[in-house]
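This report describes one protein chain, with attention to two residues and their surroundings. The sequence and the structure are shown first.

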Amino acid sequence: MSQYSQLSIEERKRILSLIQHGKSNSEISKILARHRSTIWRETNRNKKHPSHWYSALHAHAMAKRRRK
């Protein structure tokens with residue numbers, strides 16, 4: 001059985017930085033030691049708008065809202 005843990009704000013900021021440096025979801029997942037589908041869901045779910053980039057602060061706020 002795998003242990004589930006939410007992404008931290010630090011991981012989300014790292015994801016944003018890695019995206020800005022042109023890293024793919026697969027590369028990001030290896031760097032953060034997370035499954036690539038976790039990164040894919042995170043980046044796609046937490047865009048402010050479909051045409052905008054991923055935002056770490058927006059993503060963290062949305063995750064907190066979904067947990068309630």
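## Arg-34 and Leu-57 in a predicted model

Arg-34 has a relative accessible area of 19% and is therefore buried, the limit being under 20%. The model that gives this value is predicted. Arg-34 belongs to the loop that connects helix 2 with helix 3 (36-45). From there, its side chain comes to 3.4 Å from the backbone oxygen of Gln-6. Gln-6 is also among the residues that Arg-34 touches once those up to four places away in sequence are set aside; the others are Ser-5, Leu-7, Glu-11, Ser-29 and Ile-39.

Leu-57 is part of helix 4. Its relative accessibility is 59%, so Leu-57 is classed as exposed, for which the value must be over 50%. Apart from neighbours within four places in sequence, Leu-57 makes contact with Ile-9 and Lys-13. Ile-9 lies 48 residues from Leu-57 along the chain, yet the C-alpha atoms of the two are 7.5 Å apart.

The accessibility of both residues is set out below.

| Residue | Relative accessibility | Class |
|---|---|---|
| Arg-34 | 19% | buried |
| Leu-57 | 59% | exposed |

How confident is the prediction across the chain, on average? The mean pLDDT is 86, and 87% of the residues score at least 70. Confidence is highest in helix 2 (residues 25-32), with a mean of 96, and lowest in helix 4 (residues 56-67), with a mean of 85. Predicted coordinates should not be read in detail where pLDDT is low.

Definitions and conventions. Residues are numbered from 1 along each chain as its sequence is written. This is a predicted model: local features need pLDDT of at least 70, side-chain atom pairs count only at pLDDT 80 or more; totals for chains, interfaces and linings use all residues. Side-chain values use heavy atoms; hydrogens and water are left out. pLDDT is the predictor's confidence in each residue, from 0 to 100. Helices (H or I, at least four residues) and strands (E, at least two) are DSSP runs, numbered from the N terminus. Buried means under 20% relative accessible area, exposed over 50%, partly exposed in between (1.4 Å probe, protein chains only). Contact means heavy atoms within 4.5 Å. A polar contact is a pair of N or O atoms within 3.5 Å; within protein, one must be able to donate a hydrogen and the other to accept it, and residues adjacent in sequence count only if both atoms are side-chain atoms.
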